[in-house]
Structures are given as C-alpha cells and as structure tokens.
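Here are some notes on the strand arrangement in one chain, set out as numbered points for your review. Please read them against the coordinates.

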Amino acid sequence: MQLFVQLCVDGLTLGCMYALIALGYSMVYGVLRMLNLAHGDLYMIGAFIGYFILQWSGGPTALALPVPLVLVCMFAVAAIGSAGIGVVIERFAYRPLRKAPSVAALVSSLGVFFLLESAAILFFGAQSRSYNTESFLSFHTGIHLGPLNISLVRILTVVIATATMIGLTVLVRRTSLGRNMRAVSADREAAEMLGISVNQTVRNTFIIGSALAGVAGVMSGLVFGQAVSSLGLVAGLKGFTAAVIGGIGNLPGAMLGGLVIGLAESFTTGYISSTYSNLMVFGLLIVVMLLRPSGLLGKAIAEKV
Amino acid sequence: MRTRITLTLIAAGATLAGVTACSTSGGGSSSVSGGSASSGRGFSSGCNATIAFIGPYTGNFAQIGEEQLHFTQYAIDQYNHAHHASIRLVEGDTQLQPAQAVTVTQQFISDPNVVAAVSGGSSQEILAVGPLLSRANMVDISGSANQDNLTSSGFTSFFRVVPRSSLQAQDISAYVLGHLHPKKSVIVDDQSSYSTAITSQLLAALTAGGVSVDHESVSQQTTDYSSLVSKIGKDTDLVILPWQIAANAEQFAQAMQEQGVTATIFGTDGIFSPSQFNAAGSYVASFAPDITQIPTDQSLAGVMEQKYGTFGTYGPPMYAATEVVLGAINKLCTAGTPVTRENVLAQVRNTDDSSSILGQPIKFMPTGDLVGGRYFIFKIDADKKYTVVSGVS
C-alpha cells in the first residue's frame, strides 16, 4: 500500500509536467492544426532560465532573496522568456507557412527544434546545470508518514500545475481571448469575417502555450534537479504522446493524457520493471489510437472533401 | 544567377565546416611553464613531425574532448619547449560520431606529415577508424577507448594506455565483495552497449559471490528516477550504476535522498566527474588515477588547473598517450632514423616507460593492450572530494 501511494505521488508529479507540455501542443494544434515539434525545447529553455534566475539570486546555497520570492521570479521569468521565444518562432517560422501545405510547417518546426537545441548547446554548454534544490527547499520539509515521503517541492509542483490548468480552462471558456481562440479553432475564415484577428489570436495562443512549457521546465528543474540541452527531446515526445492520448486539440484531454502517462510510467517502473516503462507508454499510445483514434476525450472531426 | 549564388554559399559553408572540423594548431604556440613529466627524460632536440588528435571537442561531449585536447596539446608544448623541437598537433573533431571520425581520419592519413595519432573518442569511433589506420600503418594510441574487442579486432596499429573494460567489472566486484559485503543490491543499466556489457559481467560476478542482485534498466534520457527509487526500497544496501552520464547519477542520488533511501551508490568510469557527481559516501571507478593525488604529478596538475580549471580523468591518459608517441619519435631522431609512420609504429610497439604520469608503467601487449592495466576505485567523502581507495600500487 505504501509503495502504491508513493508511486501515485511520483506519477502525479511527472504527469503534471507532461500535462503542461501537452497543453501547449494541444492549444497550438487546436488553433492552427499544426504540430509544433519545437515545443519541447521551450520546456528546456524554461529550465535554463529558472537555473539562471537561481544563480542571479545568489545561487542555491546562498540565496540573497527569500525563497518564495526567488521561486516566483523563476516561474515568472521562465514563463515570459519561453513565451517571448514562442512568439518569435510563430512570427518567423510558422506564420509565413500558414497557407503552405501542412508538411511545410511540420518540417519548419523540426528545423526550429534542432536550431534551439544547437543554440542551447552553444550558449549554455553541453554539460548539465544542477538546481541543487535540496539546498533551499529541503527534502525534509513536506509530508513524511512512515516510509511515505512527499517533499514540499512535489506538493508545490502539483499545486502550481493544477492551479495553472484550472486557470487555463477558465481563460479558454470564460474570456474573450478564449472565445477568439475557440472561434479560430472552429473555422479560421469565418472567425476572420466576424472581425477576430487571427494573427493576434494565434500569437496569444503561442504566448500561453509557450509560457506553460516554461513553467513546466522550472518545475522539472526543481523536482529532478537539472537543466540540460537535451531535455526537450524526451519531454516533448512524452508531452506530445500525452496530447494525442488525451485527444489532440482538447485541453482537458491533454491534462488527462499527461496524468495517464505519468502514472503509467510510475506504476510500470514500480510493479513491473523500469525496463518496460517506455514500452508501456508508447504501447498505450498505440492501444488508444486503435480503440479511439481521436484520443480519450477527443471528438472525431469529419474531413472536408 | 540565383543558383550560382546558392552553390557558392554551399561551397563556402562546406569549406568553413571542413576547416572547423579539422583545424590545425601549430605546436609550441602556447606558453609552457610548470612541471613536466617528459622534460628531463633525455629527449633529443630537433625532431620535427606532426601528430593528429582525434576526439570530440565540440558537441554534446565537448567537455571530455576539450580536456583531452588540452592535455595532448600541453604534452607537445612541453616537449617542444624543453627540446627546441617543432612537433605539430593537428586536431580532428569527431563529436563522438563514428562517421565524422572516419572523415577526419582519412584527412590525416592523406597528409604525409602526420606520423601518428592519439585518440580521445569512444570505442565505437575506434572500431570505425581502426581498419583505416592499420592499413596506413599509422599508430593510434587511445586514452579512453576501453571496449574489450578493440584489441582483438585485428587493428595492427592500435594501442591504449587505459585498461580494457572487462577488468572494470572484475575490479568493482572484487572491491564490493571484499569491502562492502552487501546483502541486497541492484544494478541499473542505462541501455547503452557500454552499460549492458558491464552489467552482465557484474551480475555474473556478484551472483557468484553470493550477493542477491536485482536488475533494472532506464534510458539515458530519463529525468525522473523517483518511481525506480520507490521500488528499490530501503532494504537495499548497494545500487550499482554502470552509466555514461554523471549528471543522471547525481539526479538518481537526489531522488534517493528525497525518499530517505540510504543505499550506497557505486558508479563505473562513465560517471567519474567530481564536478557533476558528488553524492557523499558513493564509490566511483575510473580507468585512470586522479593525478592530483600522485605526488610526482603535482606540478603538472597545478599548471593544468591554472590554465584550464579543474579536470577529471580523461585528460591525463591523453597526456600519457602523447608522451608515448613523443618518446618514439625522439628515439628515431636520436638514432638518426627517418620519422616515418612505419618506424614510429615499430618504436611504439617496444614502449617500456617505467614512470608514466598515470602512476604505473606503460608497456604494451602484442595486442595493443596495456600490460598490468587496472581500474582505480574512488570514494566520495562528506566534503565531496574523490579519494582513491583501491588500484594504487
């Protein structure tokens, strides 16, 4: 039972991060009907920005500012930084290709992915940077019941991720920005005729999606302890898988997909073997695609012929 | 017109890439000071030749390759400075890619001035370039490639100053059984060929020694080890990580700390990195000693630290490898024999250096393996310092 609870905690933490990445994929796909393969790199950049803010605040062992303030700065600057890069990517790599065949945008996003990863190696180096979270958020703080250990940083991660997801849902359903996004997603031309600025809506979508990736990157650094230039590849792949499992383009689906993958990885490692965790995740993807091609919460869309 | 401009740009880009991949640095350009392992050993002056460095000094493994290149360059600079010689170093960047290693090696082979190579890359690269260098009779001494089959693949010009990989499992299991006496242990491989090979050897040796051993496997791209640590539990005494990425091992150690798991971590040479892995109480094996702990190397270590900052165990073997080549060239020059690839090869085969900077003699078996090669085992202290606990004679 203790192992079960511990694995639930581990899986939820991981799942929350996948969910935040998956939301970015889903939002962009929902609005533009394109896969932004560079999205995982925005997560990596967020992790690096968080690391540098930590260093500028005096370093993990000698913070010059109160810990809560440093954490707020890390999340805020990472979200802004990743959002800024997301906007630049959209403006220069995707917008010119909006009327081109969808494969052109896909290839362009692949190019952006390698560009960002190479740039990260060039500017940040190939070696990993350690957050050393234990120095300022001790693992001893949190919930410790017998052999069950839930550190404060994990609690913080789940709380922030949940609050972010709820906030995003409210934004999409209750605000004019969200209404515009839904309108562009449903029919871009009709939305334009109704006076909605497609460019602005797409830009806002990239800002929000990229900011979420930046937040997830800082969470990853805090929980798993490192920022490294190769971080975006696997996280992006898992986030994309989560989005597809949940139903790409569907925001609650992206959240569900992230949690399903996180828990699947955790339980496979804990009860079967870590050897099979990736096998289980991608096997799950195939099974879901076979049984529900539009994903767990996705709706089948009739193709215009 | 546009096509012509495009072609011109492509050609210019290709030229630039070629120049970057195979840049040349003149010997003796760096200032040389401090202690010298090669000076005062009776080298003659007036030798001229070119040595090639083949290694990954850009890309994901640049940190390793840069350290290796610094030590190689410094060995040559010292030699040139002490003996007024003009040995040159040409550098070929492999980025740890066998295909790129083949390209730069072919360039070196086609240059008649290059008489020998020292390589800092992986075993996969040696497997790719070994046949080319053997056909060209060009010596290649590696300071890091330790895969067993490199010296049984028929490469007639390949040598290494580091022990072969199978000795690592042998030395680690001997230490574990002799000193740590675990009741329950787990080996986690990182799914690379390096890791799975050592894992199977360790599994066999520890099981034969009466230790209960579980086996797990994670990808090198894994970022979250918490579930695995939950599974390992608190009754495990020893976790062996035959991994290639030190930062991953540090992450694993943090996950253990977070969950209050107190098992001892034992890493292989792939995670030997004082700057990236420093979980107190852990053990790490290495194919080379920490020269900062060898009294006769203090001066060299001090100079290298001053010039390039802290270093690990990848640089010193390259220094030793370069010294072997320099020694061979020097003998030829002293005897008035032409410094050709064939003659350098013959001299390297007869190497018998009783006092290398690695704290052990360098002499090669007919296969190219190091005679008496062994692994060094370090323990990480509470103050995160690596201290050698086994392997020093």
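1. In this predicted model, A116(B) has V139(B) of strand β5(B) as its bridge partner. From strand β4(B) the chain passes through helix α4(B), residues 123–135, on its way to β5(B), and this β-α-β crossover is right-handed.

2. The bridge just named belongs to a parallel pairing, in which β4(B) and β5(B), the latter spanning residues 139–142, are joined over 4 bridges.

3. A116(B) of β4(B) also stands opposite I51(B), and T50(B) stands opposite V114(B) of that strand. These contacts accompany the parallel pairing of β2(B) with β4(B), residues 114–119, which extends over 5 bridges.

4. Strand β2(B) is also paired with β3(B), residues 88–93, again in the parallel sense and over 6 bridges. In that pairing, G55(B) is found opposite D93(B) of β3(B).

5. As for burial, which here requires a relative accessible area under 20%, 6 of the 6 residues of β2(B), residues 50–55, are buried, so the strand is largely enclosed by the rest of the structure. The reasoning carries over to β4(B), where 6 of the 6 residues are likewise buried and the strand is therefore largely enclosed by the rest of the structure.

6. Which way do the residues of β2(B) point? T50(B), A52(B) and I54(B) point one way from the strand, while I51(B), F53(B) and G55(B) point the other way, and all of them are buried.

Terms used:
Residues numbered from 1 in each chain as written. Chains lettered and ligands numbered in written order. Predicted model: local features only at pLDDT ≥ 70, side-chain atom pairs only at ≥ 80, totals over all residues. Heavy atoms only, no water. Buried < 20%, exposed > 50% of the residue type's maximum accessible area, 1.4 Å probe, protein only. Helix = DSSP H or I, 4+ residues; strand = E, 2+ residues; numbered from the N terminus. Pairing = 2+ DSSP bridges. Right-handed = clockwise from strand over helix to strand, strands pointing away.
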